[in-house]
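Hi everyone, thanks for coming. Let's take a few minutes to walk through a structure that is new to most of you.

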Amino acid sequence: QVQLVESGGGLVQAGVSLRLSCVASGRAFGNLPMAWFRQAPGKEREFVAAIRSGGATDSSYYADSLKGRFTISRDNAGNTVYLQMNSLKPEDTAVYYCAAGTPGTIYSSGYPKNYRAYDYWGQGTQLTVSS
């Protein structure tokens with residue numbers, strides 16, 4: 001089992017930057033594929049970014065619409081994955097969820113964008129961006 005706890009959301013004004021954190025526990029973190037999704041009211045859960053460790057380097061993936069503004073990173077020593085969000089817009093308002101997948105099986109299940117490929121989820125952190 002993997003437990004995920006997100007933090008860092010809140011109420012901010014458009015244009016600012018914010019960083020979300022997700023701390024994982026329960027199993028070895030270094031080889032866990034990790035991702036961020038978000039869900040706005042009345043909308044489906046949406047892929048934001050994903051990251052997997054590949055030995056000396058990490059591979060990251062982004063929703064096309066968020067490339068250049070959002071950056072995902074991980075600190076394997078601290079069991080933490082981050083989402084740096086810049087130039088926030090009101091349309092970024094959503095609950096942001098951290099997710100983890102099972103190494104191996106996730107890669108044949110629609111990784112990185114299919115939320116059904118992930119086995120573990122945090123409780124979410126609310127981000128509200130005011131105009």
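Here is a question to start: which backbone nitrogen lies 3.2 Å from a polar atom of the side chain of Thr125? It belongs to Gly9. I call a pair like that a polar contact, meaning N or O atoms within 3.5 Å; within protein, one must be able to donate a hydrogen and the other to accept it, and residues adjacent in sequence count only if both atoms are side-chain atoms.

A word on what you are looking at. This is a predicted model, where local features need pLDDT of at least 70 and side-chain atom pairs count only at pLDDT 80 or more, while totals for chains, interfaces and linings use all residues. Residues are numbered from 1 along each chain as its sequence is written, and side-chain values use heavy atoms, with hydrogens and water left out.

Back to Thr125, which sits in strand E11, residues 125-130. Strands here are DSSP runs of at least two residues, marked E and numbered from the N terminus. Is Thr125 buried or exposed? Thr125 is buried, because its relative accessible area is 10%, and buried means under 20%, exposed over 50%, and partly exposed in between, with a 1.4 Å probe and protein chains only. Leaving aside neighbours within four places in sequence, Thr125 is in contact with residues including Glu6, Gly9, Leu20 and Tyr96; contact means heavy atoms within 4.5 Å.

Now follow E11 along its length. Thr125, Leu127 and Val129 point to one face and are buried, while Gln126, Thr128 and Ser130 point to the other and are not. That fits a general pattern: in a regular strand the side chains alternate between the two faces of the sheet.

Who are the partners of E11? Strand E2, residues 10-13, pairs with E11 in the parallel sense over four bridges, and two strands pair if DSSP finds at least two bridges between them. Val12 has Val129 as its bridge partner in E11. Strand E9, residues 94-100, runs antiparallel to E11 and is joined to it by three bridges; there, Ala94 is matched with Leu127.

Let's move to another sheet. This open one has four strands in the order E1-E3-E8-E7, with antiparallel pairing. Strand E1 (3-7) and strand E7 (70-75) stand at the edges with a single partner strand each, so one side of each is left without a neighbour in the sheet. E7 pairs with strand E8, residues 80-85, in the antiparallel sense over six bridges, and Arg74 has Val81 as its bridge partner in E8.

Finally, a pair of loop residues. Arg69 is in the loop between strand E6 (57-62) and E7, and Asp92 is in the loop between E8 and E9. Their side chains are joined by a polar contact of 2.8 Å. How buried are they? Arg69 has a relative accessible area of 13% and Asp92 has 1%, and each of them counts as buried.

Asp92 has another polar link: its side chain reaches the backbone nitrogen of Lys89 at 2.8 Å. Not counting residues up to four places away in sequence, Asp92 also touches, among others, Arg38, Phe70, Leu127 and Val129. You met Leu127 and Val129 earlier, on the buried face of E11. Thanks for listening!
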